[in-house]
Amino acid sequence: MIKNNYSPEWKKRGDRNGLIRNALLKSMGYTDKDIEKPIIGIINTWAETNPGHYHFRQLAEAVKRGVWAAGGFPLEVNTMSICEVFFDLSSLIYRNLLAMTTEELIERHPFDGVVLIGGCDKNIPAQLMAAASADKPTIFLPGGAMLPGSFKGKKLVCGTDSFHIYDRYTSGEISLDEMTGYEGCLYGSAGACPIMGTANTCQALSEAMGIALPGSASCLGLSAEKARYAEETGRAIMTLVEKNITCRDIITRESLENAITVLMASGGSTNLIIHLIAIARRAGIELSLDDFERIDRTTPVLVNVKPHGSGDVGLDFHNAGGVRALMKELESRLHTDCLTVSGGTVGENLKSADLPYDRDIIRPLDDPLASQGGIAVLRGNLAPRGAVLKRSAASERLMRHRGPAKVFDDLDACRAYLLDEGSDLDENTVVVLRGYGPCGAPGMPEGGNSLPLPPKLKRRGITDYVRVTDSRMSGGCFGTQVLHVSPESAVGGPLAALRDDDIIHLDVDAGLLEVELSDAELKARLDGFKPTLHPEIERGFVRNFIDNVTQADEGCDLTYLQYR
């Protein structure tokens, strides 16, 4: 295994390489006094194609202030920046590419410590996967939430409210011009979408697992408070370097279980199941759906923000105390002896934390929004390796459901059926979208976002129906959607055997997803099945992804990048 590169050997005086390296640093205006200091890499995902990261240049400058003040030598490098909306293929593919390139930047550069700056839903897990693999002293700086928007006096949060607005348009409640009027009002500023979607769930969980400073996750991206956290992050990385506290000293099984507890209590995104498993496996930790199921069953939903509640993240949740206050409420359920990047343990950090200030936004344990965590794990003959459902954003009346399948292998055809006034769909139909898993799509896109509420149901006052798919959905989406069915249909999972009018049985409390067919019938239907796996994609990273990606229950990482 190639050893990590660190600055003392890299800039060693007295040999030819040292001469060239120090000369190159001096060519940028740095001095001997600067070069003597530990080098801190600031890995920045700033881009103009990512509104969640648009303010990161200023945050990087604040981090540098902290590094200089604490006796370090900061050097900034940029990586790709992933925004789901700007990619025409699933951005989960590029999570793995960003993880790969970030790992190489950390390992091959002479960085003695690293500050990672990220804010959006694929960037954060990619950076933490890379950090766990490289295992240098590392702190993650969450980029922060955006401001909510406002339209005609009503507060709006992007993601969740955009889905509602589109449903109103497709059902004829508002015109195209009226829908267009919302566009400039959905997003209040740069930053992560201000819901407990995937981006803010990732930020919250970075703090929960101890790799971000306490209090840093939920504040607005464009705020003096965020700039102060950025400077403190620059100071704190120097302490980790001095004490040689590395990433895998922080990311442990216990700290990941703390993150899962916060995930369930916050009603966070289902995508974090994939991401946390991938991060764990980079650190050599076996995390499985069983761990999520176990913690889900004993953790209530406490956070009242959209998509499942009423508030937003950067104002309401943060002003209620944010992740620190939520963890204080959950303290009896956490591993409080876990080390964090503050230098103290979770328990030591929580000694100075207050309980939530707003008991409507962060509820007490004895008065939760829901008695069980936000995400249910399902198994059965349709998902032998598991599937998930975001219970906190689903309908209680559909937690037990039995109905005929309507099966689609094409998203456009499925969407057309859902919007068709003359279709045979009713409230009992189970709409199945398959072929959109890790290999099938490829990249397991957020197909669940694109399965709208049928206008013919909405006009009857029916606001939800059951969907089953091997794809994902945005953390800002809602509805009774079974996701991440594993193994996916493209590799011969049982979903590939489904036919129209097969009866699907869902029982969330029992953790069950099944089709009412015998094992023999399922096997017979799959006999002779041959995966196609996109022979038309002949080259590049997408081909690499298809050939090497693991299934959803294993984190959708590349096989050769997992811990050995």
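How much accessible surface does the chain have, and what percentage of that surface belongs to carbon and sulfur atoms? The accessible surface comes to about 21,000 Å², and 50% of it belongs to carbon and sulfur atoms. Keep in mind while you look around that this is a predicted model.

## The whole chain

Let's start with the big picture. The chain has 21 helices and 14 strands. Its radius of gyration is 24 Å, close to the 24 Å that the globule rule gives for 564 residues, so the chain is as compact as a globular protein of that length. If you lay the C-alpha trace along its principal axes, it spans about 80 × 55 × 50 Å.

What about the inside? Of the 564 residues, 63% are buried. Contacts tell you about the fold as well: among those with a separation of 6 or more, 77% are between residues 24 or more positions apart.

Then there is charge. The chain carries 60 positive and 75 negative side chains. The centres of these two sets lie 4 Å apart.

## Backbone spots to look for

Now zoom in on the backbone. Two peptide bonds leading into prolines are worth finding. The bond from Ala 441 to Pro 442 is cis, with omega near -5°. You'll find Pro 442 in the loop between strand E10 (430-433) and helix H19 (455-458). The bond from Ser 486 to Pro 487 is cis too, with omega near 0°. Pro 487 sits in the loop that runs between strand E12 (481-483) and strand E13 (503-507).

Next come two residues with a positive phi. His 534 isn't a glycine, yet its phi is about 55°. Look for His 534 in the loop between helix H20 (519-526) and helix H21 (540-548). Cys 556 isn't a glycine either, and its phi is near 55°. Cys 556 belongs to the segment after H21.

Are these two buried or exposed? His 534 has 15% relative accessibility, so it counts as buried. Cys 556 is at 0%, so it counts as buried as well.

## Five residues in helices

Here are five residues to click on, each with its helix and its relative accessibility.

| Residue | Helix | Relative accessibility |
|---|---|---|
| Thr 102 | H5 (residues 91-108) | 0%, buried |
| Glu 348 | H17 (residues 346-350) | 45%, partly exposed |
| Asp 161 | H7 (residues 160-170) | 6%, buried |
| Ser 27 | H2 (residues 16-27) | 56%, exposed |
| Phe 541 | H21 | 17%, buried |

Why does Phe 541 count as buried? Its relative accessible area is 17%, and buried means under 20%, so Phe 541 falls on the buried side of the cut-off. Ser 27, at 56%, counts as exposed because the cut-off for that label is over 50%. Glu 348, with 45%, lands in between, so it is called partly exposed.

So who are the neighbours? Leaving out residues up to four places away in sequence, Thr 102 touches Ile 43, Thr 79, Leu 116 and Ala 130. With the same kind of neighbours left out, Phe 541 touches Ile 93, Asn 96, Leu 97, Met 100 and Leu 558. There's a nice distance to check here as well: Phe 541 and Tyr 94 are 447 residues apart in sequence, but their C-alpha atoms are 8.7 Å apart in space.

Compare that with Ser 27 and Ile 537. These two are 510 residues apart along the chain, and their C-alpha atoms are separated by 44 Å.

Asp 161 has a charged partner to look at. Which side chain makes a polar contact with the side chain of Asp 161? That would be Lys 306, at 3.1 Å. Lys 306 also shows up among the residues in contact with Asp 161, alongside Lys 155, Leu 156 and Leu 186, once neighbours within four places in sequence are set aside.

Glu 348 has a polar atom of its side chain placed 2.8 Å from the backbone nitrogen of Thr 345. Ten residues separate Glu 348 from Cys 338 in sequence, and the two are 9.7 Å apart in space, C-alpha to C-alpha.

How values were computed
Residues numbered from 1 in each chain as written. Predicted model: local features only at pLDDT ≥ 70, side-chain atom pairs only at ≥ 80, totals over all residues. Heavy atoms only, no water. Helix = DSSP H or I, 4+ residues; strand = E, 2+ residues; numbered from the N terminus. Rg over C-alpha atoms; globule rule 2.2 N^0.38 Å. Buried < 20%, exposed > 50% of the residue type's maximum accessible area, 1.4 Å probe, protein only. Contact = heavy atoms within 4.5 Å. Areas by Shrake-Rupley, 256 points an atom, 1.4 Å probe, with all protein chains shown as cover. Lys, Arg positive; Asp, Glu negative; His and termini not counted. Charge placed at Lys NZ, Arg CZ, Asp CG, Glu CD. Polar contact = N/O pair within 3.5 Å; in protein donor to acceptor, adjacent residues only side chain to side chain.
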